[in-house]
Amino acid sequence: MSFRALKYLSFTHSAIYTALLVAAIVGGMDHLKYVLGWAHGIGWIVMSLLCVDAVRRRVIPLWLGVMVAVVGGVGPFAGTIGFLYAERRAVSPAGLPQRDMV
C-alpha cells in the first residue's frame, strides 16, 4: 500500500469518526451510531494492520505507524495530522538536508 493510499484511508477514517461524533452529540439516530461505531472500530483495526505492514516495508516511518495504531484508536485525527506532517516534512527545500538524512 502506498503512502498516498494510506493518507486517504486515514482521511476517510477521520470523516467516519467525525460523523460518529456528530451523531452522538445530536442524539437519537441509534442505527446510524451503531453503523458508524462499527465502521470506526473496524477501520481502526484495518488502518493499524496496514500501517504496521507499511512500517515493515519502510513506506511510512515508525512514529507515524505508532501515531495511527496507538493514538488513532482514541482519535483518528492524530493519524491524519501525522500523515499531513510527514508529507510536508518530506517536501523540504532542495539542498537542505533533513535531520533524519544525516
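The expected span of a helix is 1.5 Å times one less than its number of residues, a handy rule for the first view below. This is a predicted model, in which local features need pLDDT of at least 70 and side-chain atom pairs count only at pLDDT 80 or more, while totals for chains, interfaces and linings use all residues. Residues are numbered from 1 along each chain as its sequence is written, and side-chain values use heavy atoms, with hydrogens and water left out.

**View 1. Helix H4 and its buried residues.**
Helices (H or I, at least four residues) and strands (E, at least two) are DSSP runs, numbered from the N terminus. Does the length of H4 agree or disagree with the rule above? The 14 residues of H4 should span 20 Å at 1.5 Å a residue, and the end C-alpha atoms of H4 are 20 Å apart, so the two agree. Buried here means under 20% relative accessible area, exposed over 50% and partly exposed in between, with a 1.4 Å probe and protein chains only. In H4, the buried residues are Ala78, Gly79, Thr80, Gly82, Phe83 and Ala86. They pack against H1, H2 and helix H3 (62–69), where contact means heavy atoms within 4.5 Å.

**View 2. Alanine 78 in helix H4.**
Alanine 78 counts as buried because its relative accessibility is 17%. Which residues does alanine 78 touch, leaving aside its neighbours within four places in sequence? They are Met67 and Val71. The C-alpha atoms of alanine 78 and methionine 67 are separated by 6.5 Å, with the two residues eleven apart along the chain.

**View 3. The overall helical layout.**
Step back for a moment to see where the close-ups belong. The protein has four helices and zero strands, and from the N terminus on its elements run α-α-α-α. Of its 102 residues, 29% count as buried. Among the contacts with a separation of 6 or more, 55% are between residues 24 or more positions apart.

**View 4. The largest nonpolar core.**
A nonpolar core is a set of buried Ala, Val, Leu, Ile, Met, Phe, Trp, Tyr and Cys residues joined through side-chain atoms within 4.5 Å. Nine residues make up the largest one: Leu6, Met47, Cys51, Ala54, Ile60, Leu64, Val68, Phe83 and Ala86. H2, H3 and H4 each supply at least two residues of this core, and H2 gives the most, with three. In soluble globular proteins, nonpolar side chains tend to be buried together. Leucine 6 is a good place to start looking: leaving aside its neighbours within four places in sequence, leucine 6 is in contact with Met1, Met47, Leu50, Cys51, Ala54, Ile60 and Phe83.

**View 5. The largest cavity and its lining.**
On a 1 Å grid over the protein atoms alone, a cavity is a set of points where a 1.4 Å probe fits but cannot get out, and lining residues have an atom within 4 Å of a point. Grid points are joined across faces, edges and corners, and a volume is the space filled by probe spheres set on the points. How many cavities of 30 Å³ or more does the structure hold? There is one, and the largest cavity has a volume of about 50 Å³. Its lining consists of Ser10, His13, Ser14, Trp44, Met47, Val68, Gly72, Pro76, Gly79 and Thr80. Helix H1 (3–26), helix H2 (30–56) and helix H4 (77–90) are the elements that give two or more residues to this lining, and the largest share, three residues, comes from H1. By class, the lining has four nonpolar, six polar and no charged residues; Ala, Val, Leu, Ile, Met, Phe, Trp, Tyr, Cys and Pro count as nonpolar, Asp, Glu, Lys and Arg as charged, and the others, Gly among them, as polar.

**View 6. Serine 48 in helix H2.**
Is serine 48 buried or exposed? Serine 48 is buried, with a relative accessible area of 10%. Leaving aside its neighbours within four places in sequence, serine 48 is in contact with Val68 and Ala69. The C-alpha atoms of serine 48 and glycine 72 are separated by 8.4 Å, with their positions 24 residues apart along the chain.

**View 7. Two loop residues with positive phi.**
Most residues other than glycine have a negative phi. Methionine 29, in the loop between H1 and H2, has a phi near 45°. Methionine 29 is partly exposed, with a relative accessible area of 39%. Arginine 58, in the loop between H2 and H3, has a phi near 60°. Arginine 58 is exposed, at a relative accessible area of 76%.

Terms used
1 Å grid on protein atoms, 1.4 Å probe; cavity = no way out; pocket = protein on both sides within 12 Å on 5 of 7 lines; lining within 4 Å.
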